[in-house]
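Hi everyone, thanks for coming. I'd like to walk you through one structure today, a piece at a time. Have a look at it first, and then we'll start.

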Amino acid sequence: MKLKLAPIALVSVFLFSCGEHKTEGTETKKTEKTQLTVKGSDTVLPLSQKEAEDYMKKDSTISISVVGGGSGVGVTALMEGTTDIAMSSRDLKTDEKLKLSESKKEIEQVTVAFDALSVIVNPANKVKQLTREQLEKIFTGQITNWKDVGGANEKIIVYSRESSSGTYEFFKEHVMNKKNYASSVLNMPATGAIVQSVSQTVGAIGYIGLAYETKEIKQLAISYDEGKTFVAPSIEAAKDKTYPISRPLYYIYDKTNAGKVKSFVDYVLSAEGQKIVAEIGYVPL
């Protein structure tokens with residue numbers, strides 16, 4: 001079962017920052033909890049939220065804050081030392097690796113799950129499938145009306161994530177053949193905002209992580225063989241690699257901080273943690 005989240009840009013999960021224990025007599029002394037910050041990809045956000053909630057129930061000595069904002073935001077925070085773990089839905093860029101190297105940071109990048117990236121439209125749209133080439137032309141501005149891809153005579157309203165998003169980068173590289181987005185594309189600050197906008201706009205199209213799907217939007221089947229075969233996004237299709245727009249999801253952290261983060265990362269990679277991956281709507285390792 002997928003976890004449905006409200007379309008918000010930033011989500012935080014907190015428990016109390018301190019616990020209490022009794023000392024001799026009636027004196028009560030506060031004990032500070034270990035504070036762990038996880039920041040970055042909106043795609044990985046719902047997974048990290050649930051993992052953190054469950055882990056904190058098992059370990060009362062740790063308080064985990066989970067914040068979205070995009071893969072780029074997470075990686076930048078890791079560079080600046082303001083997050084313990086960066087969530088990312090893309091690999092590190094060359095310039096990011098260079099900056100991390102220059103700052104003497106030795107990075108550990110761990111795959112925690114896989115995702116099928118869904119292309120979505122408004123449920124009123126009669127179009128059920130598109131080829132990769134058609135998607136490229138829609139997002140680069142060459143196709144601007146749904147009638148040109150078998151739909152109604154309706155203007156196409158294109159929604160995308162902001163450039164700080166790993167999903168933005170992944171879609172550009174793997175779907176748009178590294179071409180630039182059209183200037184008319186509406187960039188949204190969070191995945192939830194794309195879901196909301198597409199659900200309310202008849203001519204809209206956008207892309208989201210699989211876990212963000214709702215009944216208010218419609219996913220399209222996609223072809224990467226020029227229209228010979230169309231496959232709809234699903235956990236099963238991502239797992240058997242028949243769905244073409246699939247990708248790994250990462251946790252990235254500084255190795256010098258491994259002692260602080262490793263128990264949580266190990267929990268996410270455990271059988272129990274991977275069960276949560278499937279429950280949220282992503283593909284377990």
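So, where is the place of leucine 47? Leucine 47 sits in helix H1, which covers residues 45-58. Please keep in mind as we go that this is a predicted model.

Let's stay with that residue for a moment. Leucine 47 has a relative accessibility of 0%, so it counts as buried. Leaving aside neighbours within four places in sequence, its contacts are Val112, Ala113, Ile276, Val277, Ile280 and Tyr282. Val112 and Ala113 are in strand S6, which runs over residues 107-121. And here is a pair from far along the chain: leucine 47 and alanine 211 are 164 residues apart in sequence, while their C-alpha atoms are separated by 8.6 Å.

Now, what about alanine 52? Alanine 52 also lies in helix H1. Its relative accessible area is 0%, which is why it counts as buried, the cut-off being under 20%. Beyond its neighbours within four places in sequence, alanine 52 is in contact with Ile64, Val66 and Phe264. For one of those, Val66, the C-alpha to C-alpha distance from alanine 52 is 7.7 Å, with the two positions 14 residues apart in sequence.

Let me zoom out to the whole chain. The protein chain has nine helices and 13 strands. It has 285 residues, and 49% of them count as buried. Take the contacts between residues at least 6 apart in sequence: 73% of these join residues at least 24 apart. The accessible surface comes to about 13500 Å², with 51% of that belonging to carbon and sulfur atoms.

Which helix is mostly covered? That's H6, residues 191-200, where seven of the ten residues are buried. The buried ones are Thr191, Gly192, Ala193, Ile194, Val195, Ser197 and Val198. Among the elements covering them are S6, strand S8 (157-161), strand S9 (186-188) and strand S10 (204-209).

Next, a helix pair. Two packed helices are described by the angle between their axes and the distance between the axes. For helix H8 (residues 258-269) and helix H9 (residues 271-280), the axes come within 4 Å and cross at roughly 60°. H8 and H9 are therefore oblique to each other. On the H8 side, the contact is made by Tyr267, Val268 and Leu269; on the H9 side, by Ala271, Glu272, Gly273, Gln274 and Ile276. You may remember Ile276 from the contacts of leucine 47.

Leu269 turns up again at the surface. Together with Phe114 and Leu285, Leu269 makes a nonpolar surface patch of about 260 Å². Phenylalanine 114 belongs to strand S6. Is phenylalanine 114 buried, partly exposed or exposed? Its relative accessibility is 33%, so it counts as partly exposed.

Last stop: two lysines with backbone angles to point out. Lysine 178 is not a glycine, yet its phi is positive, at about 70°. You'll find lysine 178 in the loop between helix H5 (166-174) and S9. With a relative accessible area of 60%, lysine 178 is exposed. Lysine 241 also has a positive phi, near 65°. Lysine 241 lies in the loop between helix H7 (235-239) and strand S13 (246-254), and its relative accessible area of 68% makes it exposed.

That's the tour. Thanks for listening!

Technical notes
Residues numbered from 1 in each chain as written. Predicted model: local features only at pLDDT ≥ 70, side-chain atom pairs only at ≥ 80, totals over all residues. Heavy atoms only, no water. Patch = residues over 30% accessible without salt bridge, like charges linked within 9 Å, V, L, I, M, F, W, Y side chains within 5 Å. Areas by Shrake-Rupley, 256 points an atom, 1.4 Å probe, with all protein chains shown as cover. Salt bridge = Lys/Arg side-chain N within 4 Å of Asp/Glu carboxyl O. Buried < 20%, exposed > 50% of the residue type's maximum accessible area, 1.4 Å probe, protein only. Axes fitted to C-alpha atoms, helices over the stretch in contact; angles between N-to-C directions. Parallel < 35°, antiparallel > 145°, perpendicular 65-115°, else oblique. Contact = heavy atoms within 4.5 Å.
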